[in-house]
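This report is written for a reader meeting the structure for the first time. It begins with a single strand and works outward from there.

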Amino acid sequence: MDSKNKTITFLPLIIIIFTVVVLIVVIEVPKIFSKTQSKDKPAGAFLIDKVIFTNDSSDSAGKQIEQQASSIDASNTNPEELQNPSADSVSNNPTEQPDLTEISTGVENINLDEIETMIKMYDYDRALELLEKYPDQNDERVAGLTLDIKNGKNNTVLKNSLENTHIFFHSLIYNTSKAFDDDYKAAGYNQFMTTCLEFDRILEQLYERNYVLVAMHDLAKLETDENGKQVMVPGEIYLPENKKLLVLSVDDVNYYEYMEEDGFANKLVLDQNGKVTCSMINDQGMTVLGNYDVVPILDQFIENHPDFSYRGAKGILALTGYEGALGYRTDERYKDTNPNLDADIAEAKKVAQALRDTGWEFASHSWGHVKMNAITLENFQQDADRWEKNILPIIGETDIMIYPFGAPFSWSIDDYNYDNQHFAYLKQKGFDYFCTVDCSRYYTTSIRDDFLLQGRINLDGYRMYYNPELIEDLIDPDYVLDEARPLPVPPL
Ligand SMILES: [Zn+2]
């Protein structure tokens, strides 16, 4: 039999096989892709489909994970960034991602949903201004929103901006079994940290009790008086009568090396939509994104409850410098040990800009977490210089100083004058708002001359367990305390 005959005999079979193969490709391949996209994920989390291998040498394992994770974050987790080569500059990158709390300014971008959010955030004048420019005035929602603005405005009163309460947290514990594992750090975590579950409950209670987040710069602002002198002037905040002013801050948003493996997020990152979220390394060595700390949890809460935020205010993130910023090892100390230093700096800048764009403020927490009343003036100044050199380029200018250990250079407000070299140096560095820790009263804000000074209340394990009576207006610690927190909280 010649080969031509063979081919003719088998032709129908070949056609059938070919057709079947084509059908399989057409039907199954898209399914495979859709499977990879919708793979089961934990609620609110996004898995990066890359396994990060840990190094066998346990000594350097943490560092290896950190470095590999940063190279992944900086390179290819965000397809949109890859398509947008200009996205690497902080100042040229103002509003990449649409966010409900962002304020649109261009007439062509006016969005009725954003205006509605603005109204819920008590920003009536701005909402009205934008609504009047809305191209389709016959849209059925316009009349309703106009009425909401009128009613909302009539319902507000001028608040005393000195009557505000400032609460603060550290990075939240996401995995309690890792944090409270009886190692030498567990007692400290139990005293000074709050868990994600507790933070959820705290937000729920603060909201129920009519607290509203305000920005530090809403409380008071520097203005120039008729003599050309800078003076701190109380802000005019209009809110419904029953609402209470609340400032929130987070200390040490640095994701220190010692926290690795202890159940915390390891850095703030941008997700595939350009929104700020947290990453952490799970037990399989994979980088996982999700709501593992204050920033994404509060962002989400305000998205669901815009009336918890006055004009989009979120909180203040206080950073030291010695281990970099926001989980990125960006300090000059890492120049020989972090091969991704430049990429990490660029990424940290992008994250910081996205935070600023969505209502977050930044503060200095000193470079070396120094006790300002216990070091020489020279060391104090060097520390301020180092913070300015290493952190300011990443997070941008800030005028808020959140004292490490809550301990100021002096506890006397009378020392806040230019004869005091510490005060003069901090003012020269641009700081106008100063925060200590003070749980003795709910209202601790003083405005004098050209500065604002206030105390803050820690809502952590220690405070909730030992002084529930000092914070009972804010929360009910019996309700808030995480069942997974070992009690009693160790005494200090
Ligand atoms: Zn601190």
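In this predicted model, the side chains of strand β3 fall into two sets: Asn164, His166 and Phe168 point one way, while Thr165, Ile167 and Phe169 point the other way, and all of them are buried. Such a pattern fits a general rule, since in a regular strand the side chains alternate between the two faces of the sheet. Strand β3, which spans residues 164-169, is accordingly described as mostly covered, with six of its six residues buried.

Two strands pair with β3, and the table sets out both pairings.

| Partner of β3 | Residues of the partner | Sense | Bridges |
|---|---|---|---|
| β8 | residues 244-250 | parallel | six bridges |
| β18 | residues 457-458 | parallel | two bridges |

Within these pairings, individual residues can be matched: Ile167 stands opposite Leu248 in β8, and Phe168 has Asn458 in β18 as its bridge partner.

Which residues does Leu246 touch, once its neighbours within four places in sequence are left aside? Its contacts are Asn164, Thr165, Ile167, Leu206, Tyr211, Val212, Leu213 and Val214. Leu246 also appears, together with Val214, Leu317, Val351 and Met401, among the residues with the most contacts inside the largest nonpolar core, a set of 109 residues. Because domain 1 (83-154) and domain 2 (158-480) both give residues to this core, the core lies between them.

A helix offers a second view of how residues are covered. Helix α13, residues 377-390, has 14 residues and reaches 20 Å from its first C-alpha to its last, close to the 20 Å expected at 1.5 Å a residue. Its buried residues are Phe380, Asp383, Ala384, Trp387 and Asn390. These cover an arc of only 145 degrees around the axis, which means that they sit on the same side of α13. The general reason for such spacing is that an α-helix has 3.6 residues a turn, so residues three or four places apart point the same way. The buried residues of α13 pack against β13 (361-364) and α15 (421-428), whereas the face turned away from this buried side carries the exposed residues Leu377 and Glu378.

Some totals place these details in the context of the chain. The chain contains 17 helices and 18 strands, and 40% of its 492 residues count as buried. Among contacts between residues at least 6 apart in sequence, 71% join residues that are at least 24 apart.

Methods
Residues are numbered from 1 along each chain as its sequence is written. This is a predicted model: local features need pLDDT of at least 70, side-chain atom pairs count only at pLDDT 80 or more; totals for chains, interfaces and linings use all residues. A nonpolar core is a set of buried Ala, Val, Leu, Ile, Met, Phe, Trp, Tyr and Cys residues joined through C-beta atoms within 7 Å. A residue is buried if 20 or more other C-beta atoms lie within 10 Å of its own, exposed if 12 or fewer, and partly exposed in between; C-beta atoms are placed from the backbone. Domain bounds come from an automatic or database domain assignment. Two residues are in contact if their C-beta atoms, placed from the backbone, lie within 7 Å. Helices (H or I, at least four residues) and strands (E, at least two) are DSSP runs, numbered from the N terminus. The expected span of a helix is 1.5 Å times one less than its number of residues. The arc is that of the directions from the helix axis to the C-beta atoms. Two strands pair if DSSP finds at least two bridges between them.
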